[in-house]
Amino acid sequence: MSFFGTATASATPAAPAEKDIEVPEPPADSISSLSFSSAADYLAVGSWDNNVRLYEVGAGGQTQGKAMYGHQGPVLSVCWNKDGNKVISGGADNAARMFDITNGQTTQVAQHDAPVKVVKWIETPQGGILATGSWDKTIKYWDLRTANPIATVQIPERCYSMDVQYPLLVVGTAERHIQIFNLTNPNTPYKTITSPLKWQTRVVSCFTNSANSGFAVGSIEGRVAIQYIEEKDGSNNFSFKCHRRDQTPNAKDQSLVYAVNDISFHPVHGTFSTCGADGTIHFWDKDARTRLKTFEAAAGPISATTFNRNGTIFAYAISYDWSKGHSGMTPGHPNKLMLHACKDDEVKRRPKKL
């Protein structure tokens with residue numbers, strides 16, 4: 001285990017309360033994934049520099065680098081176990097690895113035939129299971145006490161995104177396929193649909209505390225769709241444009257379109273954030289169908305976001321998002337980790353319009 005940063009650091013100098021706080025010693029390459037522990041304000045950060053970094057966030061937003069461990073290729077996804085004391089990461093080395101923060105040990109816990117795009121922890125009534133989604137067109141379920149997967153599920157295409165809200169698991173793949181699993185029967189899709197959006201899926205994210213289960217899907221063309229699982233709730237499905245900019249006044253057909261890179265649901269209020277290649281972040285209330293807040297966060301893309309366990313801290317990464325491919329990775333792209341203190345009026349639901 002290597003430590004980085006011996007001194008606790010905060011924003012410079014004493015930033016006003018409304019200013020977001022920049023985390024010192026960010027990764028040296030694009031930031032792919034962010035995840036907060038369920039037990040404390042520890043933030044795991046996966047990067048294309050092949051490493052996972054762990055930061056401790058203090059009550060005032062000050063941060064300290066606590067640990068770092070590596071893959072043999074870019075890290076594409078990070079998550080935590082239920083107890084919040086182990087970090088799991090998936091990478092372009094076709095492996096998932098687990099880091100135990102109590103003893104500093106790293107072990108490989110999963111293997112695929114292609115990069116592991118997403119890792120998600122599933123807490124079932126029988127115990128914890130790791131799900132890994134790969135570009136080898138499979139989802140694998142792992143009981144970490146055994147070396148081999150307990151099940152392998154073929155999916156229609158490469159896994160691009162996956163999210164879990166037990167018993168719901170949703171997988172978004174290449175070619176706009178979306179597979180929905182009921183984890184009481186994890187080996188067979190409950191439903192397979194084509195994305196309601198016309199362009200490539202970038203992210204799927206499950207509702208956190210809705211009375212009816214469903215998910216949001218974001219695409220490369222600045223759109224988000226809200227999709228409910230059951231047909232009886234289908235009248236609540238809708239999609240909307242975001243992360244777009246009109247080039248000239250009153251020219252709606254000439255807008256610049258940006259990829260929606262991440263969607264994070266608030267753990268308490270069930271509202272959600274979207275971030276995009278345009279450098280903006282929006283908070284939304286899907287039930288009131290309204291935007292709660294917009295902030296221009298950066299001159300560059302926002303690549304990943306996450307809320308902490310009680311929704312008081314919102315972390316986001318200003319980093320190249322690969323939405324323009326390799327040619328877009330020009331020198332001088334920023335890599336910043338930022339912390340935003342959430343105010344109630346930004347994340348609380350609005351009354352429904354009659």
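Tutor: Before we count anything, helices (H or I, at least four residues) and strands (E, at least two) are DSSP runs, numbered from the N terminus. The model is predicted, so local features need pLDDT of at least 70 and side-chain atom pairs count only at pLDDT 80 or more, while totals for chains, interfaces and linings use all residues. Residues are numbered from 1 along each chain as its sequence is written, and side-chain values use heavy atoms, with hydrogens and water left out.

Student: Okay, what does the secondary structure of the protein come to?
Tutor: Over residues 260-294, for a start, the chain is 0% helix and 63% strand. Across the protein, the tally is one helix and 30 strands.

Student: And what percentage of the 354 residues count as buried?
Tutor: Buried means under 20% relative accessible area, exposed over 50%, and partly exposed in between (1.4 Å probe, protein chains only). Among the 354 residues, the share that counts as buried is 54%.

Student: Of the contacts with a separation of 6 or more, how many percent come from residues 24 or more positions apart?
Tutor: A contact here means heavy atoms within 4.5 Å. Take the contacts in the protein with a separation of 6 or more; residues 24 or more positions apart account for 45%.

Student: Which strands stand at the edges of the open sheet of four strands?
Tutor: Two strands pair if DSSP finds at least two bridges between them. The order in this open sheet is E1-E30-E29-E28, with antiparallel pairing. Two strands have a single partner each, so one side of each lacks a neighbour in the sheet, and those edge strands are E1 (21-22) and E28 (302-307).

Student: Which residue in E29 stands opposite Ile302?
Tutor: E28 and E29 (residues 313-318) run antiparallel and are joined by five bridges. Opposite Ile302, in E29, stands Ile318.

Student: Why is strand E20 largely enclosed by the rest of the structure?
Tutor: Its partners help you find it: five bridges join E20 to E19 (residues 214-219), and four join E20 to E21 (residues 238-241). Both pairings run antiparallel. E20 (residues 223-228) is largely enclosed because, of its six residues, the number buried is five.

Student: In the hairpin of E19 and E20, which residue takes a positive phi?
Tutor: Within the pairing, Gly218 has Val224 in E20 as its bridge partner, and Arg223 stands opposite Lys241 in E21. The hairpin has three residues between the strands, and the one with a positive phi near 65° is Gly222.

Student: What about positive phi in a residue that is not a glycine: what value does Glu25 have?
Tutor: Most residues other than glycine have a negative phi, and most peptide bonds are trans. Glu25 sits in the loop between E1 and E2 (31-36), and counts as partly exposed because its relative accessibility is 39%. Its positive phi is about 55°.

Student: And where does Arg289 lie?
Tutor: Arg289 is not a glycine either, yet has a positive phi of about 50°. At 47% relative accessibility, Arg289 is partly exposed. Look in the loop between E26 (280-285) and E27.

Student: Thr290 comes up in E27 (residues 290-296); which residues does Thr290 touch?
Tutor: Thr290 has a relative accessible area of 18%, so this residue counts as buried. Leaving out residues up to four places away in sequence, Thr290 touches Trp284, Asp285 and Arg350.

Student: Which residues does the cis peptide bond with omega of about 5° join?
Tutor: One partner, Pro167, is found in the loop between E14 (159-165) and E15 (168-173). With omega at about 5°, the cis bond joins Tyr166 and Pro167.

Student: How far apart in space are Thr146 and Val109, C-alpha to C-alpha?
Tutor: Thr146 lies in the loop between E12 (138-142) and E13 (151-154), and is partly exposed, with a relative accessible area of 41%. Thr146 and Val109 are 37 residues apart in sequence, and their C-alpha to C-alpha separation is 8.8 Å.

Student: Last one: which residues for "repeat: WD" does UniProt list?
Tutor: UniProt positions are given in the numbering used here, feature names are shortened, and annotations may be inferred rather than shown by experiment. The entry is unreviewed, and for "repeat: WD" UniProt lists residues 68-109, 109-152 and 260-294.
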